[in-house]
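Could you walk me through this protein structure, step by step? I am new to reading models like this one, so plain words would help.

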Amino acid sequence: MIVKLWLLLLLLFLSFLGKAQDIAKRKGADSLTETKTSATSISEVVIQSTSRKIKLNDGNLVMAVSGNKDFKTSTHLLDVLRKTAGVTIDQEGGIFIGGRISPAIFINGKVTVMSNQELQAYLLSLSPEMVESIEVNTNPSSKYDAEFKGIIDIRLKKNTNLGWKGNYNGNLYINKFNYRENALNLSYNTEKVTYTIQMGLNDGISSYRYSALQRLANTNVMRTNTNQKDIGSVYSIQAGADFRLNAKNRLSLNLRSNFRKNDRIRTGSLFTTNKSETDVIFNTESLNPIDYSQNNLGMTTDYSFQNKGFKLTFLGNYLAVKNKQKDEFINREQPSSELLSYWKSDLFNEIEIYTGQVDASQKMGNADIEAGFKYSYSLTNNNIRYDTLSTNNQFVFDPSRSNIFSYREKIMAGYIAYRQKFGKLQINAGIRAENTQSISDAVTADSIVSRNYLEWLPSFSASYSFNKSNELSFSYSRRITRPVFSQLNPFRFYFSPLNYWIGNPYLLPSFTSQIKATYRYKNWITSFSIGKEKDVMTRYPIYHPETNVLEYLGTNLPYRNFAVLETSFPVKITKWWNITGQFTGYYNDEFRPYLDEVFALDIYNYEIRLNQVFTLPKGYTVNLFANYESKTGNSLYIIKPRYSIDLSFQKSWLDNKLNTKLGYNNIFDSNDQSLEFRHKQIMDNRLRHWWDSSRFFFSLSYVFGGSKYQAQEILRTEEENRAR
């Protein structure tokens with residue numbers, strides 16, 4: 001049924017576009033001649049290569065953004081990334097490459113210095129017209145921090161004219177509720193200094209639903225339903241100055257702050273029946289109001305010196321993040337509304353990160369030698385207090401759920417890298433050493449975990465350009481993934497009164513060795529990666545039949561083997577119809593001990609994307625984007641297939657200064673995530689997550705002022721990637 005609807009929609013567009021093309025043909029002899037040479041007859045389709053908008057850089061995909069028809073209807077940079085080959089954006093704005101890798105985000109070759117929420121707000125503030133290109137690196141070299149298993153480098157358009165320029169970008173999303181995004185970017189450029197300021201305000205309402213079915217140990221059947229309404233606002237401001245001291249020296253400063261406030265209301269129910277589902281065992285409803293806030297403060301200093309073939313850079317960062325959250329959990333029996341339990345929680349979380357790094361490079365003919373050193377220190381403190389309503393209607397301290405946790409980490413790293421070109425062959429080799437010292441202190445549990453380890457992380461790559469149309473590359477690297485702070489902190493995060501997950505302070509870092517090969521023929525790019533990850537960090541469910549509690553705990557798996565095959569193929573059907581197809585196949589083999597058994601399954605899955613762009617007369621652009629994910633999962637859970645279809649329109653006005661877009665995302669509301677536990681003899685558990693991503697949108701961006709736009713470079717370290 002869905003396929004038929006999709007085909008009907010496509011045929012309607014083709015019919016409309018064919019009529020529009022006939023009108024365009026009658027406008028004059030020149031346009032008629034041009035149309036004939038472009039072979040636009042649908043009855044005799046001639047597949048033509050598109051203009052070059054894709055290239056390889058050391059085996060990494062580089063995609064042009066500004067002026068790219070594939071992204072003309074995209075509202076912001078997250079939307080651009082969602083349509084970029086090899087990149088996946090989940091329902092909550094998380095960015096992934098290679099299936100499950102969370103990449104570092106670079107701006108103009110430098111890592112960004114933001115918390116996850118702040119980074120997301122920044123990417124939402126960038127319209128496609130402000131971005132020159134995107135580079136996707138799925139196998140970084142030893143030059144980069146060992147935790148960067150993937151990198152997305154966003155190159156912003158350069159500022160070349162004197163004077164000032166501004167850009168406003170606003171987006172409105174409407175479904176049952178509505179959400180608004182507003183961003184104002186200003187820059188003023190003199191001969192010696194570029195000043196920038198960026199302000200953002202996002203606010204509105206979003207919703208989320210969670211449901212679960214669980215057959216309990218006593219053969220009863222329990223259904224869990226949770227509905228969340230989130231009223232949120234995000235305020236952000238950044239100010240920076242880039243000083244061109246002279247031809248050899250450059251200094252930049254950046255200050256920023258981000259404030260987030262969310263009022264969430266969760267309502268839930270637990271409905272339990274006997275095995276035949278004829279008799280009700282118990283029926284409860286819960287109310288969970290949440291008051292959450294986050295304040296960020298960041299500072300960055302970047303200095304560079306360049307003289308002939310020598311370059312020296314220094315980068316210093318400071319980041320402070322404060323999180324506060326107050327919850328109430330009120331559970332009542334239905335239909336009597338009798339109070340069963342009532343508890344409150346008060347969470348305070350504070351993170352501070354200091355980093356400094358120095359890099360130096362020297363060019364010698366066709367060779368480059370580069371070396372660098374980095375030091376980072378991070379401190380996190382978490383304090384969560386629970387109080388429970390007693391039988392005499394007084395709230396008393398609950399030590400079984402309360403928790404005080406602190407984590408300190410120091411990393412010292414150094415690397416040396418060598419690059420040389422031999423005609424059409426380019427070789428890169430490097431090695432990195434990282435020493436990590438960490439102490440986690442679970443004060444409430446009286447548990448201290450101290451670690452001190454040194455790791456050597458080599459990398460190698462080679463690329464050969466046969467001609468302008470053919471290129472082959474090969475790379476190898478060894479990387480490390482340290483657990484994020486939330487994975488280590490042993491506090492409870494509740495989905496429902498009987499369902500929560502807990503962090504594990506004993507988690508070990510994981511290590512990944514990967515080999516990747518990439519081949520490009522014109523605009524067609526195919527890559528294949530294979531590797532092994534040891535001490536894989538994951539969560540697993542534990543069911544307690546005496547209380548009916550289902551909790552998710554963190555652990556390290558011995559290993560997993562994986563492989564990824566990706567191919568993207570842009571094709572020009574006619575002058576007014578362009579298609580970009582993407583196919584990604586995944587293989588995953590986990591060795592997972594669980595309870596008293598070992599589960600090791602070979603999991604194969606794939607993802608298909610089809611991005612169709614129709615260019616209409618008078619400057620209108622129509623985009624039809626479809627995405628399908630096959631059945632996937634891991635050794636314990638099956639994740640069912642899902643898909644989404646988006647339709648959008650774009651038109652520029654006032655000599656391209658005003659850009660308007662409207663459309664509908666996830667037309668059939670078909671992108672929810674459903675999971676099912678594989679091994680029914682252990683537990684019958686089925687979950688479903690739904691987000692309100694099916695919505696209408698309207699976007700407006702306006703450029704004003706006299707100079708070309710350049711956003712201030714923003715920097716982020718790997719430690720800040722884990723401050724979430």
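Here is a short tour of some paired strands and then of a surface patch. Keep in mind as you look that this is a predicted model.

Let's begin with strand 15, which covers residues 310-333, and strand 16, which covers residues 339-364. These two run antiparallel and are joined by 23 bridges. To see one pairing for yourself, find Glu328: its bridge partner in strand 16 is Lys344. Strands 15 and 16 form a hairpin, with 5 residues between them. In that turn, look for Ser337, which has a positive phi of about 65 degrees.

Now follow the chain onward from strand 16. Strand 17 (residues 367-389) runs antiparallel to strand 16, and 22 bridges join the two. Here Glu350 stands opposite Asn381, a residue of strand 17. Strand 16 and strand 17 make a hairpin too, with 2 residues between the strands. Gly365 in this hairpin takes a positive phi near 65 degrees.

Next, let's move to the surface. A nonpolar patch of about 820 Å² is found there, made by Phe460, Phe474, Ile515, Phe528, Ile530, Leu565, Phe583, Tyr606, Ile608 and Tyr628. Which strands each supply at least two residues of this nonpolar patch? They are strand 26 (524-544) and strand 30 (602-615).

One member of the patch, Phe460, sits in strand 21, which spans residues 447-465. How does Phe460 come to count as partly exposed? Its relative accessible area is 34%, and partly exposed residues lie between the 20% limit for buried and the 50% limit for exposed.

Notes. Residues numbered from 1 in each chain as written. Predicted model: local features only at pLDDT ≥ 70, side-chain atom pairs only at ≥ 80, totals over all residues. Heavy atoms only, no water. Patch = residues over 30% accessible without salt bridge, like charges linked within 9 Å, V, L, I, M, F, W, Y side chains within 5 Å. Areas by Shrake-Rupley, 256 points an atom, 1.4 Å probe, with all protein chains shown as cover. Salt bridge = Lys/Arg side-chain N within 4 Å of Asp/Glu carboxyl O. Helix = DSSP H or I, 4+ residues; strand = E, 2+ residues; numbered from the N terminus. Buried < 20%, exposed > 50% of the residue type's maximum accessible area, 1.4 Å probe, protein only. Pairing = 2+ DSSP bridges.
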